[in-house]
Amino acid sequence: MTNSRPLAPLRAPTHLDLALAAGIFVTLGVPTLIGGPIQYASEPILALASTTAQAIATALAAVLMPAALAFRRTWPTASAVLVYALALAHFVVGAHVLLVDLAVLISLYSVTLYGSRLSRILGILGAYVGAAIIAVWSATLGFRGFPSPVNGIYTALGGAGVVTLTWAVGLSRRFRTRELNALEARNRALREERDQQAASATTAERNRIAREMHDIVAHSLSVMIAQADGGRFAAQANPEAAVDALTTIGAVGRDALADMRKILGVLRDDATHATPRLPQPVDADLDNLVETVRESGLSVSLVRIGDSRPLPPGAGYALYRICQEALTNALKHAGPAARVIVTLQWLPSHLDVRIEDDGRGAGAPNDGRGQGLLGMRERVAIFGGTLVAGPRPGGGFRVRAQIPIPTSGPTPPPLGRPAPTLNPKEPR
């Protein structure tokens, strides 16, 4: 049951509990010290204790019972036990009813609100026993020693009613407190979940921007470097080739600058800084990509097999970036005489993409942290596809990706589960 555990206790008495204990001592404890036990109507209302034992028990009850209430939330069970024990002790020695005995009701309320299930049960039973003892005493002794069964019945009913009401109020307050605590915990969990979702969205957007910037910068700079190197060697023998190289460098640089502005515009896009959206490259733009890389001096061929079909939204853009990154790696690592074949094979359930070269393969140096391969894997994973990359058995390097296409046809065997992290032996 949810209400079987005690509420979390405090580390130390709060100022409110200390103030309550002081108030109980002033209003109940001090009059008890002054007047002693409460007698009946024919005797003084506040008479002095007749014996030393009664006087000691009265003094201890008047001081310790309010003091125990200072720990009613820190140690509710111990506080209730002390209050009940003091009430029973002074009754046994003859100081039957004290004004400070009203602290028993406060203790019952506190142990019901803050104590464990066992403490609540023992608290209500102890209070009933105390009410029964007072009722029996009142019925057997009566006023000045005359029995009064009717008075005992009234005392029993009144005591049981007050005890039940106190216990019910404490239990109702306990349920209400637990409900508020549960609502607060739920709200806290919702806030944490919202913060986690915001952090995840921020991380995903940061990774997306990092992939875009890497693809744009790496590809553009690789083409520009290749054109600059070729133009430098051809400047003396063939000035027209140098001019063509410079023209290509300028065009690639302008395209890269436009793409960078587009990405930066997304970061600061608002009502006052609206950035026009340029068309995103798709799989149909692969011919232009291959032509641009071919003009940089790399031998590239594009082969299409099968009947092309519409790709899922965004898949064409991912395909373009994967081919762009693979061709950039071939341009940087495959070597000057390498040949590259880009193959797009349309199968019933997926598109199979292969970018293969016959260059240096595993012998190519690693000039970075493998962000290109990581970005390609992330792009394919968005669509539930797979990507494997590594040296070819006969030499060179291969990048192969499978992008699922929604269809009712049979599903071919997968390429294999991609590694969650980059293989340190992968050179690219």
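## Helix packing and cores in a predicted model

In α8, the residues L286, L289, V290 and V293 meet L319, Y320, C323, Q324 and L327 of α9. The model is predicted. The axes of these two helices, α8 and α9, come within 10 Å and cross at roughly 10 degrees. Angles under 35 degrees count as roughly parallel, and α8 and α9 are therefore roughly parallel to each other. Their crossing is right-handed.

**Overall make-up**

The protein chain has ten helices and five strands. It holds 428 residues, and 38% of them are buried. Take the contacts in the chain with a separation of 6 or more: residues 24 or more positions apart account for 71% of these.

**The largest nonpolar core**

Which residues have the most contacts inside the largest nonpolar core? They are L319, L327 and I355, in a core of 38 residues. Several elements give two or more residues to this core. The helices are α6 (149–237), α8 (286–295), α9 (315–333) and α10 (371–382). The strands are β2 (339–346), β3 (350–357), β4 (386–391) and β5 (397–404). Helix α9 provides the largest share, nine residues.

L319 shows how the parts meet. Leaving aside neighbours within four places in sequence, L319 is in contact with D283, L286 and L311. Its other contacts on that basis are L344, L351, V353 and I403. Apart from this core lies another, of 21 residues, including M65, L98, A103 and L108.

**V340 in strand β2**

V340 is found in strand β2. Its relative accessible area is 1%, so V340 is buried. V340 and I355 are 15 residues apart along the chain, and their C-alpha atoms are separated by 6.9 Å. I355 is also one of the residues that V340 contacts, leaving aside neighbours within four places in sequence. The rest of that list is L298, S299, V300, S301, L327, A330, E356 and D357. Both L327 and I355 are among the residues with the most contacts inside the largest core.

**Three helix pairs**

The table sets out the axis geometry of the helix pairs.

| Helix pair | Axis separation | Crossing angle |
|---|---|---|
| α1 (15–35) and α2 (52–68) | within 8 Å | roughly 170 degrees |
| α3 (76–92) and α4 (103–114) | 9 Å | about 155 degrees |
| α8 and α9 | within 10 Å | roughly 10 degrees |

Are α1 and α2 roughly parallel or roughly antiparallel? Angles over 145 degrees count as roughly antiparallel, and α1 and α2 are therefore roughly antiparallel to each other. On the α1 side, the meeting residues are A21, I24, F25, G29, T32 and L33. On the α2 side, they are T58, A59, A62, V63 and P66.

The helices α3 and α4 are likewise roughly antiparallel to each other. Their crossing is left-handed. P76, T77, S79, A80, V83, Y84 and A87 are the α3 residues at this meeting. They face A103, V104, S107, L108, S110, V111 and Y114 in α4.

**L108 and S110 in helix α4**

Two α4 residues merit a closer look. L108 is found in helix α4 and belongs to the core of 21 residues. Is L108 buried or exposed? Its relative accessibility is 0%, so L108 counts as buried. Leaving aside neighbours within four places in sequence, L108 is in contact with Y84, G123, I124, A127, V163, T166 and W167. Y84 is one of the α3 residues that meet α4. L108 and L122 are 14 residues apart in sequence, and their C-alpha atoms lie 9.7 Å apart in space.

S110 is found in helix α4 too. It is buried, with a relative accessible area of 2%. Not counting residues up to four places away in sequence, S110 touches R72, P76 and G115. Of these, P76 is listed among the α3 residues that meet α4.

**An aromatic pair**

A pair of aromatic rings is described by the distance of the centres and the angle of the planes. The count here comes to one aromatic pair. The ring centres of F71 and W75 are 5.4 Å apart and the planes are at 25 degrees, so the pair is stacked. The cut-off for stacking is planes under 30 degrees apart. F71 itself counts as partly exposed, at 33% relative accessibility.

Key:
Residues are numbered from 1 along each chain as its sequence is written. This is a predicted model: local features need pLDDT of at least 70, side-chain atom pairs count only at pLDDT 80 or more; totals for chains, interfaces and linings use all residues. Side-chain values use heavy atoms; hydrogens and water are left out. A nonpolar core is a set of buried Ala, Val, Leu, Ile, Met, Phe, Trp, Tyr and Cys residues joined through side-chain atoms within 4.5 Å. Buried means under 20% relative accessible area, exposed over 50%, partly exposed in between (1.4 Å probe, protein chains only). Helices (H or I, at least four residues) and strands (E, at least two) are DSSP runs, numbered from the N terminus. Contact means heavy atoms within 4.5 Å. Rings of Phe, Tyr and Trp (its six-membered ring) pair if their centres lie within 6.5 Å; planes under 30 degrees apart count as stacked, over 60 as edge-to-face and the rest as tilted. Axes are lines fitted to C-alpha atoms, for helices over the stretch in contact, and angles run from 0 to 180 degrees between N-to-C directions. Angles under 35 degrees count as roughly parallel, over 145 as roughly antiparallel, 65 to 115 as roughly perpendicular and the rest as oblique. A crossing is left-handed if the near helix is turned anticlockwise from the far one by less than a right angle, and right-handed if clockwise.
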